[in-house]
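User: I would like to go through the labels given to this model one by one, and hear for each how the value compares with the definition.

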Amino acid sequence: MVIEAKSLHKRYGGIVAVKSLDFGVEKGRCYGLVGPNGAGKTTTMKMIYCIVLPTSGSLRVFGLDVLSHPRQIKARLGVVPQENNLDPDLTTWQNLMVYARYFGLPRPLARRRCQEQLDFMDLSDRAGTPVPDLSGGMKRRLIMSRALVNDPELIILDEPTTGLDPQVRHLIWDKLLELKDRGITLLLTTHYMDEAQKLCDEIIIMDQARRVDVGSPTELIRRHLPPYVLEARAGRRLAADILGRFPEISHQESGQSLYFYGSAATDFDGILAAWPRVEHVLRPASLEDVFLKLTGREIRA
Ligand code: ATP
């Protein structure tokens, strides 16, 4: 196990951020922590990369206890934090070199690693660019390069693609899958269920400081929902009308949307015949539906 958490607990004053959390992360796989805002995902990550101390319970990374071996753990992992914490007074290259030197790499090795990681993230032509002149996507790619300079066995990414355009998101996804192919273990948080579904072998769903469920995306979908969903955009009055007439079809409401669940696409024939003009989409159940069902909340866009 690369990470092993048992009854992990974190309290900030009166706030319980993580409660009785158990999970394990196996080598060479990608794990996703998903959950609504404030669920405790970032706190869990910060305990793993040893900048927040657990209040109680046990947390081992590479078999080492986070309380007794933080330096040894930090040396073997890479972190892509939620916020952009690049040094704005330095260039792309200087940001990488400062980091490489922080890990104590001798200068020739540091130079080689920095160049490799710039090439890997397609940033070589930006080596001399000051950080404020980089686009949002370039800054994110630089943070990823920086997380790789110490040749980590585990990479922790807190919302790696939030706010990025689709092209950069796809590029980052490709790079992460490439890293996984090399045997590197990945742990990420995301609010994008398409991202979780594309990248993650295992998903840990958290809500209100606790683990709600864990499994592969397909396992979670099968466990919690029938295979078909009719998503209808109906105003409140129409929604009340539909629900009144078809109480036997399982459903959820969220904002202006109604989600009906069925074991066959034909389960919704009655609804569509009664409201032929309702704006709707018929689709397979997704991780987003599971999220909604388990946490009762929509994902922050
Ligand atoms: P988001 O999706 O918004 O990033 P999250 O799931 O990562 O949320 P955390 O950031 O871990 O959640 O926060 C969990 C809880 O702990 C929240 O109630 C938050 O306000 C609280 N919290 C986090 N950091 C601190 C801190 N340094 N001091 C006090 N409370 C904190």
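**Cysteines, a helix and aromatic rings**

Analyst: A search of the whole structure finds 0 disulfides, a disulfide being a pair of cysteine sulfur atoms within 2.5 Å. This is a predicted model, in which local features need pLDDT of at least 70 and side-chain atom pairs count only at pLDDT 80 or more, while totals for chains, interfaces and linings use all residues. Residues are numbered from 1 along each chain as its sequence is written, and side-chain values use heavy atoms, with hydrogens and water left out.

User: Why is C30 not counted as bonded to C200?

Analyst: The closest cysteine sulfur to that of C30 is in C200, and because the two are 4.0 Å apart, they are too far for a bond. For C50 the closest cysteine sulfur is the one in C30, at 20 Å, which is also too far for a bond.

User: What makes C30 buried or exposed?

Analyst: Buried means under 20% relative accessible area, exposed means over 50%, and partly exposed lies in between, using a 1.4 Å probe and protein chains only. C30 has a relative accessible area of 1%, so C30 is buried; C50, at 12%, counts as buried too.

User: How do you know whether helix 5 is mostly covered or uncovered?

Analyst: Of the 13 residues in helix 5, 11 are buried, among them G137, M138 and R140. Helices are DSSP runs of H or I with at least four residues, strands are runs of E with at least two, and both are numbered from the N terminus. What covers the buried residues of helix 5, with contact meaning heavy atoms within 4.5 Å, includes strand 6 (77-80), helix 3 (92-102) and helix 6 (166-181).

User: Why is the pair of Y99 and Y102 called tilted?

Analyst: The structure holds 4 aromatic pairs. Y99 and Y102 form one at 6.1 Å centre to centre, with 35° between the planes. Rings of Phe, Tyr and Trp (its six-membered ring) pair if their centres lie within 6.5 Å, and planes under 30 degrees apart count as stacked, over 60 as edge-to-face and the rest as tilted, so this pair is tilted. Both residues lie in helix 3, 3 residues apart, about one turn of the helix.

User: What makes the pair of Y102 and F103 edge-to-face?

Analyst: The planes of Y102 and F103 are 75° apart, and the centres lie 5.2 Å from each other, so the pair counts as edge-to-face. Y102 counts as exposed at 59% relative accessibility, whereas F103, at 24%, counts as partly exposed. Y99, Y102 and F103 form one aromatic cluster.
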